[in-house]
Amino acid sequence: IQDGDVLGNVDYSLTLKKGLDGLFRYTERDFSGNPAYKYLSVNDLSEEGKTIYNDLVSKIKQASSGITISPIDVIKKRIKEAGYKVGEMTGRDIELDIQDNGGAIVSKRTDKNKKKLARDFNAGDIDVLIINQSGSTGISLHASEKFNDKRQRVMLSAQTQLDVNTEIQLRGRIDRTGQLVRGAYRYIISPIPAEQRLIMMFKAKLKSLDTFKDTLLYQIH
């Protein structure tokens, strides 16, 4: 995916097509062990193979998982539609402009200055700041008396970090010394059993660090 590409569909089922095409990639090595990466063309398949391939591609195009390939861009779109200004601190180089027809336009991200994003958020010029591990250190986003925007900070977590230490670092961005009001945390959790198990493990890790007592969990059914 490159800047300027137009995607007719951004459903997660598209990853199936990528996985299917990955079956045609292979590696050859010479006598010295040097690799040569090659790709088998669909035209090299037998007639039966071509038929099976085209049938799989057709089924993939018709499939719909209901899950987008870029949740961040969907979240940004919904927040903007609600009338709020959004910044993103994730380290991504590209983003998707989600269209109403279900497609998207790929564009290169330009607002990636970490310090400027933090300043704009603390000044109230940005209402919402989306961050991931890229924003876990080096910035202060708390309700400091030094910032123009002194409202309480609320962190909505759509995905917990695998490393609980990184999670604690992220939480520390809005809960710091010198704040006028403590930060609040809300975790969005689905009822999917696999995610429920992960959140139970996550809670156990937080409890071992004696930080879970100040966290509120919300479950979406």
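This passage looks at one helix pair and at the largest pocket in a predicted model.

First, the helices. Two packed helices are described by the angle between their axes and the distance between the axes. Here the pair is H1, spanning residues 14-22, and H2, spanning residues 47-62, and their axes come within 9 Å of each other. The crossing angle is roughly 160 degrees; angles over 145 degrees count as roughly antiparallel, so H1 and H2 run roughly antiparallel to each other. As for handedness, the crossing of H1 and H2 is right-handed. On the H1 side, the contact is made by Leu16, Lys17, Leu20 and Asp21, while H2 brings in Tyr53, Leu56, Val57 and Ile60. Sorted by class, the residues of this contact come out as 6 nonpolar and 2 charged, with no polar ones.

Now for the pocket. The largest pocket holds about 2,000 Å³ of space, and 46 residues line it. Closest to its centre sit Ile75, Leu156, Ser157, Ala158 and Gln159. Both helices and strands feed into the lining: at least two residues each come from helices H3 (71-81), H5 (164-171) and H6 (193-208), and likewise from strands S7 (128-131), S8 (154-157) and S9 (184-189). H6 gives the largest share of the lining, with 6 residues. In terms of chemistry, the lining of the largest pocket splits into 31 nonpolar, 8 polar and 7 charged residues.

Methods. Residues are numbered from 1 along each chain as its sequence is written. This is a predicted model: local features need pLDDT of at least 70, side-chain atom pairs count only at pLDDT 80 or more; totals for chains, interfaces and linings use all residues. Side-chain values use heavy atoms; hydrogens and water are left out. Axes are lines fitted to C-alpha atoms, for helices over the stretch in contact, and angles run from 0 to 180 degrees between N-to-C directions. Helices (H or I, at least four residues) and strands (E, at least two) are DSSP runs, numbered from the N terminus. Angles under 35 degrees count as roughly parallel, over 145 as roughly antiparallel, 65 to 115 as roughly perpendicular and the rest as oblique. A crossing is left-handed if the near helix is turned anticlockwise from the far one by less than a right angle, and right-handed if clockwise. Contact means heavy atoms within 4.5 Å. Ala, Val, Leu, Ile, Met, Phe, Trp, Tyr, Cys and Pro count as nonpolar, Asp, Glu, Lys and Arg as charged, and the others, Gly among them, as polar. On a 1 Å grid over the protein atoms alone, a cavity is a set of points where a 1.4 Å probe fits but cannot get out, and a pocket is an open set with protein on both sides within 12 Å along at least five of seven lines; lining residues have an atom within 4 Å of a point. Grid points are joined across faces, edges and corners, and a volume is the space filled by probe spheres set on the points.
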